[in-house]
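Here are some short exercises to try with the structure open beside you. Have a go at each task before you read its solution.

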Amino acid sequence: MFSFLRNLGQPANPARDARLRQLQALNDGDILCSHCGSRLPPPHPAPLEMRDCLACGKLNLSPLRIGRFWLAEPLGSGGMGSVYLALDRQRPGTACAVKILSRGDKLKLRRVQTLCKEILVARVLPPHPCLPGFVEGGYADGEYYLAMEWIPGERLDELLETRGHLSETQTLLVALHLLAAEQAMLDAGFLYRDLKPENILVRPGGYTALVDFGLVLTLEHAANPAGRRLAGSPYFIPPERVMGQPEDPRSELYSLGQVMYYALTGQTLYDAAEIEELVVRHVARLRVPLSQKLQQLRPELAAVLQHLMAQQPDQRYPDLATAAAALFALLPTAAD
Ligand SMILES: Nc1ncnc2c1ncn2[C@@H]1O[C@H](COP(=O)(O)OP(=O)(O)O)[C@@H](O)[C@H]1O
Ligand SMILES: [Mg+2]
């Protein structure tokens, strides 16, 4: 029944398999402990609350039903919402990822609008291996939700916590996948605008996907910043956004350079204690010149990163394809 886990290259995960078995049982009206498989007798706690199993004493999350989905294990959360591993009741044995708004914010107009925008973007994007496929979006059982393909990968920041940093080749491959995802969005008329480790999922086989369409804008909108609120991670934000200037694909290249530096070294390029100071540093004269910070890298790689992260957009690569070619040229060849 759970062969889809293997199809997706997911490493063995007995706890998650048990959770899905538990979800399957929900369709028959039973709630099973995800640890020992015992039936949990009623009364059941409110959805998404925790309860102890009487048999093994371990904690279980009480599932939440939204439309055709049973939301079970949390996959992650960010500033906007929470994403859960969910069972799709219309496709037995199929898991997906369902994003809902944070509890306190779930009916705030701005949040609802953002999630609806995410649903719209996910719906119109063509299927792409570096983006989560669209399953369904809408409103059901009191929740706005976006159901998408479950990417069984590890977040880049979590991966770096265990590994310290990635090799040069691994970083280049991840960056090329990110550029492919960005290009697919661009071809549909969108600028992604939220490149940061928390939105990057690296599958066990290395295929990398970009999630979270919360900051996506149309190209036309991105080019007209008047009146827009500043949003984005201060560590990865392009300087033109901080200054309220137009953004275009070259802005994504700046953030990509920051992400690559982070993957290569395990550290963000700027480590200012104060976030505000950090944002100012992106636009002010840097105390430490970029070239000095990049000294620890191979000169050819440092030169490409410097080009990606130039302060002025017209000093960066002119487009995503040119940047991709520069990264590809750095990969080892058969002669190396
Ligand atoms: N399709 C997915 N498959 C697996 N995990 C996901 C998926 N989408 C998001 N996540 C996880 O959920 C987290 C929060 O999702 P995200 O869309 O980034 O929310 P937010 O807008 O709040 O930042 C991500 O950092 C990631 O760990
Ligand atoms: Mg996010």
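Before we count residue classes, here is the sorting rule: Ala, Val, Leu, Ile, Met, Phe, Trp, Tyr, Cys and Pro count as nonpolar, Asp, Glu, Lys and Arg as charged, and the others, Gly among them, as polar. Keep in mind that this is a predicted model.

**Exercise 1. The surroundings of ligand 1**

Task: Find which residues come nearest to ligand 1, sort its shell by class, and say where the shell lies relative to the two domains.

Solution:
- Step 1. There are 22 residues around ligand 1, and G76, G78, M80, V83 and D212 come nearest.
- Step 2. Next, look at the elements: β4 (69-77), β5 (81-88) and β6 (95-101) are those that give two or more residues to this shell. The biggest share, 3 residues, is from β4.
- Step 3. Sorting by class gives 10 nonpolar, 7 polar and 5 charged residues.
- Step 4. Domain 1 (3-149) and domain 2 (154-333) both contribute to the shell around ligand 1, so it lies between them.

**Exercise 2. The largest nonpolar core**

Task: Work out which residues of the largest nonpolar core touch the most other members, and which helix gives the most to this core.

Solution:
- Step 1. The core has 80 residues, and those touching the most other members are L71, A86, V98, L178, L210, A263 and L308.
- Step 2. With 9 residues, helix α8 (residues 249-265) gives the most to this core.
- Step 3. Residues of the core come from both domain 1 (3-149) and domain 2 (154-333), so the core lies between them.
- Step 4. Now zoom in on A86: leaving out residues up to four places away in sequence, A86 touches F69, W70, L71, A72, A95, C96, A97, V98 and A147.

**Exercise 3. A closer look at helix α8**

Task: Compare the reach of α8 with its expected value, then say how many of its residues are buried.

Solution:
- Step 1. From first C-alpha to last, the 17 residues of α8 reach 25 Å, close to the 24 Å expected at 1.5 Å a residue.
- Step 2. Of those 17 residues, 16 are buried, and α8 is thus described as mostly covered.
- Step 3. Just after α8 comes G266, with a positive phi near 80 degrees.

**Exercise 4. Placing C53**

Task: Is C53 buried, partly exposed or exposed?

Solution:
- Step 1. Locate C53 in the loop between β1 (50-52) and β2 (59-61).
- Step 2. A residue needs 20 or more other C-beta atoms within 10 Å to be buried. C53 has 19, and is partly exposed.
- Step 3. Beyond four places in sequence, the contacts of C53 include C33, H35 and C36.

Technical notes:
Residues are numbered from 1 along each chain as its sequence is written. Chains are lettered from A and ligands numbered from 1 in the order in which they are written. This is a predicted model: local features need pLDDT of at least 70, side-chain atom pairs count only at pLDDT 80 or more; totals for chains, interfaces and linings use all residues. A nonpolar core is a set of buried Ala, Val, Leu, Ile, Met, Phe, Trp, Tyr and Cys residues joined through C-beta atoms within 7 Å. A residue is buried if 20 or more other C-beta atoms lie within 10 Å of its own, exposed if 12 or fewer, and partly exposed in between; C-beta atoms are placed from the backbone. Helices (H or I, at least four residues) and strands (E, at least two) are DSSP runs, numbered from the N terminus. Domain bounds come from an automatic or database domain assignment. Two residues are in contact if their C-beta atoms, placed from the backbone, lie within 7 Å. A residue is near a molecule or strand if its C-beta atom, placed from the backbone, lies within 6 Å of it. The expected span of a helix is 1.5 Å times one less than its number of residues.
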